[in-house]
Structures are given as structure tokens and as C-alpha cells.
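Here is a short reviewer's note, written to be read slowly and with the structure open beside it.

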Amino acid sequence: MSQTATSLAAVAPKVVSIQTRGSAASSSSPRVVQGRTGRPALFPSRDTSSRPRRAATVVAMSSAHDNSGMSDMERYLFDLNGFIIVRNVFTADEIARANAAIDARSERIVERKGDLRLGGNKGDPLAGDGVTGRADLGGMLEWPAPDRDLFRSVLTHPKLVPYYHALVGEAYRMDHLPLLIQQAPGADGFVFHGGKMNDDGTWCDELAYHWNQGRMYNRLLAVSVALTRTEPGDGGFCVVRGSHKSNLPCPPSIQRYEEHRDLVDNPGLEPGDVLFFTEASTHGTLPWSAEHTRRAALYRFAPATSAYGRAYLTQTHWGGMDDLTDAERAVLEPPYHQRLDRPALTMGGTVAGQRRAEFKKEHDAKVFGSKYF
């Protein structure tokens, strides 16, 4: 068994049973922490709706999880709001090493300028100082050890696997290449996007969220690792709470952060916290107003049969690395159904999966020249 598998087995039960909504809460349920949400001071008040009224709800890690993968409280909050924050997943030392690895490659960080800027034109609510753009960096999974360690561990981390199982499915897969997002002081935000409805009012199936028979289903799950501190009101990630269940497209004035700012949460994050949000939520980024630079590592995960990105077709940058663990390789599998011998990471830390009968594979090989249709 790999080191990852061993660590998973040590903290997670091997039997998975998702509790129904009415079941009793586990005594090991994470503690719920109430935080504040705020509007960046960068923006002057435009109307009375700009005053925040709600508290951002986050979840602190408990010493153990029940075998549902998520507690009843966590499931309720995610279904209600479209996001949760799991505190203290990574240690201060792990975060420091990850930031040092990024610093060592600072010349590779690419700032978005001109048409690549994401917050609109100078003077718009999300434009920041009108000059500084968000900066991006990729390739973290391919870095040599130990620089890559935190970034690869997100795929199979024992504190995160239960959430992947509950929110995406037991044969979850990474969908997009991981992206390091960096906002220097004054950097622009990102006009709000996502949502289960397209702008023309049609259903956006590739980002959809729904609840069925006691389970949550996300077609695309975003997972963001905080590498720096965010105080509410600093800027950075923001979300229209509950928008993942809206039946109408988000009005453009809200997408541009011009109206109803009270609906928008800008939650506080500490280095090492992990934010989970469904891409069915209307979300975006507020301009960065703090004095330090913001950093976050953003991943997306999808069910076994679902794909949005296409980077998996380029094996050099996806699963072609020859030093992956079996668990990591399972998460980097391309999209196909579990019953076709798909490896999947279990809650117990082992790689398992459904097996297709040999006689069926032999038949398909005769018909198609391949064991799999």
C-alpha cells in the first residue's frame, strides 16, 4: 500500500454509508464557526443594498469524520449555500513550503493584461486599480518533490477524500489542470460567472447541481486551497449564496457587482483552509484591497463519466508522469464509467473498482478489436 493509502486508512473508515437527512448527527460532527462577510472598502456605497447583512458559514475540521463522509450539518450548509470551508487541512509548514516553491518560479507567473483582464474597464466595480491584472501559474503537479507535494496531495488527501466522495462520487476525477491564482494589491476581480442556468435561460447541464434521494450531485466541483490569509472585505473569492438552486439566470448588474451586493459573500480564509463550491453557484472574484498578495490553488473535480476540460487528452501534462502513486493515477483517469474496470480511491485508502466480466471483454475484443466498447 502507498504512503497515501496508509494515511487514508488511518483517518477514514472503510465503510461508506451516506446518512439520510433525518438521521442523527454524529458526535464527531465538525464545529460550525460563524464569520463575518464584508464589502471591500475599495468600493464606495451606491445604494442601501451594499450593506452586508449575512454571516459567512464555515466548518472547522473535527478530530474524526463519521462514515457519511460529510456530517449532516456540512451537507445541510452545502445544499443551502452552495459552498463550505474546511479549516486547517494543511499545516503552516506545508503552506510555507508551497509558497516557497511558487516564489522559486515567480518568473513563470503570467499576469493578465489588456483583453485578458477579468474585472471590466477602469472605474467598474470589479476593475480594481484598472491596471493590475490577476496572475496565473500552472504545472504544479509536474514539479519535482518536495515542491509539488502539497499540490499533488490535494488529489488524494485523507481529509479531502470524504468530501470528494460525498459531493462528486466515489470514482471522482480531476477535471481541469490545477491553477495558481495570484492577486497583487489593486488587482482586478472577475465578473461573476457559473450557475446552473445559462445567460439565455437555458439549463447549463455541465455545471448542474441537484439533490436526489438524500444525495448531492455536482457535475463540476471547485476546490480552492488558501495559501494566504483573506479577511472578509479584502476581496478574492466571492459567491452569491444559494444561487446554485436559482431557476433564472443571474442579472448582468449582479454579475458586474453593481446591485444587491448584500447577496454576495466574501468569506474569510486562513492559509491551509480548503474551500469547496459547486460551479452551479454564481461566483467570481472581488478586487484585492489588502496590502499583501493573495494566493490560492484552484482545482476542479467531476464524476467519473463527466468532463468539462480536455487537458486529459494531453498525457504529458496529465497522467503521463511516471512517478504518480496508484491513488493519484486513479484520480487522473479520463472520463468513463466505473463498471468498465475503472480504478477508484476508496475511503479506506485502497484503489479498487468494479470489474467487468472477462467473457464480456473477450466478446468486445472480437467485435471491436478492443476489450472496451
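The points below take up confidence, then one helix, then one residue.

1. Please keep in mind that this is a predicted model, in which the protein chain has a mean pLDDT of 84 and 81% of its residues reach 70 or more. Over residues 1-67, however, the pLDDT is below 50, although this stretch has 150 contacts in the model beyond near neighbours in sequence.

2. Helix H3 runs over residues 92-103, and its 12 residues reach 16 Å from the first C-alpha to the last, which is close to the 16 Å expected at 1.5 Å a residue.

3. Which residues of H3 are buried? They are Ile-95, Ala-98, Asn-99, Ala-101 and Ile-102, and because they cover an arc of only 155 degrees around the axis, they lie on the same side of H3. An α-helix has 3.6 residues a turn, so residues three or four places apart point the same way. On the other side of H3, Ala-92, Asp-93 and Arg-97 are exposed.

4. The buried residues of H3 pack against helix H4 (149-156) and against several strands, including S5 (135-137), S7 (179-183), S11 (221-226) and S16 (294-302).

5. Arg-295 has its place in strand S16, and is it buried or exposed? Arg-295 counts as buried because its relative accessible area is 11%, and buried means under 20%.

6. The side chain of Arg-295 makes a polar contact of 2.8 Å with the side chain of Asp-103, and a polar contact of 2.8 Å also joins the side chains of Arg-295 and Gln-182. Leaving aside neighbours within four places in sequence, Arg-295 is in contact with further residues, among them Asn-99, Ile-102, Leu-180 and Val-225.

Note on methods: Residues numbered from 1 in each chain as written. Predicted model: local features only at pLDDT ≥ 70, side-chain atom pairs only at ≥ 80, totals over all residues. Heavy atoms only, no water. Helix = DSSP H or I, 4+ residues; strand = E, 2+ residues; numbered from the N terminus. Expected span 1.5 Å × (residues − 1). Buried < 20%, exposed > 50% of the residue type's maximum accessible area, 1.4 Å probe, protein only. Arc of directions from axis to C-beta. Contact = heavy atoms within 4.5 Å. pLDDT = per-residue confidence, 0-100. Polar contact = N/O pair within 3.5 Å; in protein donor to acceptor, adjacent residues only side chain to side chain.
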